[in-house]
Amino acid sequence: MARTFADLVRWLDGITRPAELPALTRELGELTVTSDDVRGHLRFTSGSYARNLVHAGRHHHLLVLCWKNGQRSPIHDHRGSVCGVRVLHGTMTETFFARAPNHHIKAISSHDVGPGGVVGGVDSDIHQISNLQPANAELVTLHVYSPPLLTMGTYTLFDTRRAEEPMFLEFCDAGGI
């Protein structure tokens with residue numbers, strides 16, 4: 001059965017503990033949703049991708065992320081949260097990373113996800129989301145973090161340390177690399 005955006009919000013509001021990743025990705029996969037459904041949350045910025053809070057509950061945050069061409073997230077994990085992502089518009093590139101024997105971060109795989117595609121990750125997955133489409137194509141993604149993602153670990157290709165980056169709960173510019 002196709003589910004609406006309102007159905008997703010009701011489902012999220014009804015969970016009594018953090019969501020499990022299979023249930024979260026199933027809910028996102030069954031959605032009938034487009035960027036028109038979240039038009040009031042489509043805000044782009046020129047310096048970095050924008051994180052736009054749509055709905056918050058005790059066990060989740062629902063955000064729309066808006067990406068201009070060439071924008072990327074930092075290389076990061078989801079410290080303590082699972083994350084489900086649905087692509088609403090454009091093609092998202094997701095790159096996964098792991099620790100090399102010298103403890104630096106190295107890319108291990110990358111894939112593109114088109115409109116309607118859903119991906120999910122657990123707290124310890126290290127990845128980066130990018131808009132690498134041609135020309136000036138924009139990317140819009142819908143993210144659910146459960147429990148709410150208040151800090152994430154960030155990584156660089158030049159250091160072995162993991163840094164902490166606070167997440168913001170309102171519309172804001174996000175820190176890209």
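This is a short dialogue on reading burial, contacts and nonpolar cores in a predicted model.

Visitor: Where along the chain does Asp37 sit, and is Asp37 buried, partly exposed or exposed?

Guide: One first places a residue among the helices and strands, and then looks at its relative accessible area. Asp37 lies in the loop that runs between helix H2 (21–29) and strand E1 (50–57). Its relative accessible area is 43%, and because buried means under 20% and exposed means over 50%, Asp37 counts as partly exposed.

Visitor: Which residues is Asp37 in contact with, once neighbours within four places in sequence are left aside?

Guide: With those neighbours set aside, Asp37 is in contact with Phe5 and Thr32. Its C-alpha atom and that of His104, a residue 67 residues away along the chain, are separated by 41 Å.

Visitor: Which residues touch the most other members of the largest nonpolar core?

Guide: A core is read by asking which members touch one another, and then which elements supply them. The largest nonpolar core holds 21 residues, and those touching the most other members are Phe5, Leu8, Leu28, Leu62, Val64 and Leu142. Two or more residues each come from helix H1 (5–14), H2, strand E2 (60–67), strand E4 (82–89) and strand E9 (139–146), with H1 giving the most, namely four residues.

Visitor: Which residues of H1 are buried, and what do they pack against?

Guide: The buried residues of H1 are Phe5, Asp7, Leu8, Val9 and Leu12, and the buried residues of this helix pack against H2, E1, E2 and E9.

How values were computed. Residues are numbered from 1 along each chain as its sequence is written. This is a predicted model: local features need pLDDT of at least 70, side-chain atom pairs count only at pLDDT 80 or more; totals for chains, interfaces and linings use all residues. Side-chain values use heavy atoms; hydrogens and water are left out. Buried means under 20% relative accessible area, exposed over 50%, partly exposed in between (1.4 Å probe, protein chains only). Contact means heavy atoms within 4.5 Å. A nonpolar core is a set of buried Ala, Val, Leu, Ile, Met, Phe, Trp, Tyr and Cys residues joined through side-chain atoms within 4.5 Å.
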